[in-house]
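I sat down with this structure today and kept short notes as I went. Here is what I looked up, entry by entry.

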Amino acid sequence: MVNPPPYKIKVVEKINLRSREERLRILKEAGYNPFYIKADDVYIDLLTDSGTAAMSDSQWAGMIETNQAYAGSRSYDSLKQAVKEVFGFDLFLIAHQGRATENVLFSTTIRRGDVIPSNTHFDTTRQNILSKGGEPVDLLVEEGYDPTSQHPFKGDVDVEKLVTLINEVGGERIPLIMMTITNNAGGGQPASMQNIKEVSRVARENRIPFFFDACRFAENAYFIKKREGGYSSKTIREIVSEMFSYVDGFTFSAKKDALVNIGGILGMRDQTLYERCKNMLIQIEGFESYGGLACRDVEAVARGLYEGVEDDYVEHYCQQVQYLGEGLKAKGIPIIEPVGGHAVYIDAKRFLPHIPQEEFPAQALVVHLYLEGGIRSLEIGSVGFAKKVEGRWVYPKLEMTRLALPRRVYTKEHLDYVIDVVAKLYEKRDKIKGFKMVYEAPSLRHFTFRMEPLEPLT
Ligand code: F0G
């Protein structure tokens with residue numbers, strides 16, 4: 001049961017369902033890569049929850065009301081207040097999106113040969129670490145790799161593995177410990193407050209700064225409220241305050257939980273680090289009071305931060321995702337359980353057991369979801385996360401097709417349509433065949449690849 005949304009619709013955008021024949025042509029022209037399908041040709045766009053939220057009347061009004069200035073815009077003060085009130089941080093920098101905050105932080109802190117542990121680094125984070133000569137290490141609890149485990153916090157860091165790693169490589173080679181909340185590359189799974197506290201303790205004992213990759217902090221707080229003892233009567237804001245009290249800083253793509261279309265924040269407590277990052281920011285993003293954004297976008301982030309932690313909104317968004325997940329499960333479709341925060345992840349290994357990972361089963365599902373119903377989704381599996389080790393591909397444990405829900409955008413009817421399309425596809429899953437790669441870039445290949453089907457699509 002999903003309660004009605006705590007908002008009503010004021011502006012709408014028309015969407016188009018192309019014919020099957022057109023969809024076949026569109027897929028072929030896009031090299032079967034969803035990033036090359038035009039948005040106008042997509043009926044239900046579940047490619048990402050990033051930068052796709054519907055902004056509120058207050059955010060749009062604020063964008064007009066603020067002043068546009070190179071330095072010292074009033075929006076900077078609004079954001080300062082929001083960052084202080086929501087996250088409890090005095091020091092922060094603005095950037096144009098999450099990966100720019102990663103670039104500024106890692107350029108300033110990582111030396112060649114350093115190791116950066118996390119529950120699971122996301123793709124851009126991983127690449128930003130590698131490009132600075134660092135080594136990203138994932139230390140997720142084992143349950144996080146089991147699609148059917150009902151563990152309530154499958155995004156937790158394995159603390160024992162973290163301590164072992166610190167003892168092995170030495171604290172001086174670990175410039176920071178990270179934790180992605182919620183764990184996007186691991187099924188949108190949350191980390192518990194208990195785990196956040198433990199990682200914080202280990203970090204402090206070893207004098208290593210602890211940072212969140214905070215993209216979906218509000219959904220993480222919602223799961224703590226629902227699943228962890230002692231939090232059910234607390235507000236999302238209170239839980240967020242406590243979560244952030246345990247960290248020394250955070251990278252943040254505002255395009256998710258700040259309900260905006262562009263923006264990022266880098267928060268920290270250390271004044272020296274702040275000064276160094278600020279100099280880097282001025283070199284690559286812009287002056288501190290706008291950091292690569294127009295001031296109107298800074299204003300939208302400031303207002304969105306408050307809206308993104310309102311209890312009724314967070315509850316409704318998470319319930320929508322839950323509704324989609326439960327609907328798919330009821331039709332027998334294998335998904336990553338429990339349902340995560342911002343997306344439902346279909347378990348492609350179980351959906352298409354006849355396609356080996358080197359033929360990209362999760363990507364095959366992405367193609368067929370578009371072909372069957374004009375639905376755009378994203379592969380998080382062997383295209384995005386396979387690694388070449390000594391000349392051979394090593395495939396990730398999880399092979400998933402992600403259906404990410406833009407915030408405040410789709411209705412229950414849209415979700416019912418998605419459930420029906422996936423169910424129809426599931427009935428004829430045996431007919432779905434694998435793909436082969438015909439072009440790939442040397443890094444982050446999942447954005448720009450081109451593929452061909454092993455058997456022609458009809
Ligand atoms: N960290 C995580 C966990 C993310 O999910 C993303 C983006 C980033 C960092 C980078 O932020 O896009 O603002 O530069 N995730 C999007 C997604 C793209 O679709 O999951 P960005």
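My notes below cover a sheet, the helices that lie across it, two helix pairs and the cysteines.

**Entry 1: the model.** I noted first that this is a predicted model.

**Entry 2: the sheet.** I looked up the strand order and found E9-E14-E11, an open sheet of three strands with antiparallel pairing. Strands E9 (343-347) and E11 (378-380) are the edges, each pairing on one side only. From one strand to the next, the twist averages 35°. I then checked how E11 is joined to strand E14 (residues 400-404): three bridges do it, and the two strands run antiparallel. For one of my favourite kinds of detail, I picked glutamate 379 and found its bridge partner in E14 to be threonine 401.

**Entry 3: helices across the sheet.** Which strands does helix H12 lie across? I found H12 (residues 311-330) across E9 and E14, running at about 25° to E9. Helix H14 (residues 361-373) lies across E9, E11 and E14, and its angle to E14 is about 45°.

**Entry 4: H8 against H12.** I turned to helix H8 (residues 217-227), which packs with H12 at an angle of about 90°, the axes being 10 Å apart. The two are therefore roughly perpendicular to each other. On the H8 side I listed Ala218, Glu219, Tyr222, Lys225 and Lys226; they meet Asp311, Val314, Glu315, Tyr317, Cys318 and Gln319 in H12. Sorted by class, this contact has five nonpolar, one polar and five charged residues.

**Entry 5: H8 against H9.** H8 also packs with helix H9 (residues 236-245), at about 105° and with 9 Å between the axes. H8 and H9 are therefore roughly perpendicular to each other. Residues of H8 in this contact include Phe217, Asn220 and Ile224, and those of H9 include Ile236, Val240 and Phe244. By class I noted 10 nonpolar, one polar and one charged residues.

**Entry 6: cysteines.** How many disulfides does a search of the whole structure find? My note says zero. Why is cysteine 277 without a bond? Its closest cysteine sulfur, in cysteine 215, is 17 Å away, which is too far, given that a disulfide needs the sulfur atoms within 2.5 Å. Cysteine 318 is in no disulfide either, as the nearest cysteine sulfur, again that of cysteine 215, is 15 Å away. I also asked whether these residues are buried or exposed. Cysteine 277 has 0% relative accessibility, so it counts as buried; cysteine 318, at 3%, counts as buried too.

Technical notes:
Residues numbered from 1 in each chain as written. Predicted model: local features only at pLDDT ≥ 70, side-chain atom pairs only at ≥ 80, totals over all residues. Heavy atoms only, no water. Pairing = 2+ DSSP bridges. Helix = DSSP H or I, 4+ residues; strand = E, 2+ residues; numbered from the N terminus. Axes fitted to C-alpha atoms, helices over the stretch in contact; angles between N-to-C directions. Contact = heavy atoms within 4.5 Å. Parallel < 35°, antiparallel > 145°, perpendicular 65-115°, else oblique. Nonpolar A, V, L, I, M, F, W, Y, C, P; charged D, E, K, R; others polar. Buried < 20%, exposed > 50% of the residue type's maximum accessible area, 1.4 Å probe, protein only.
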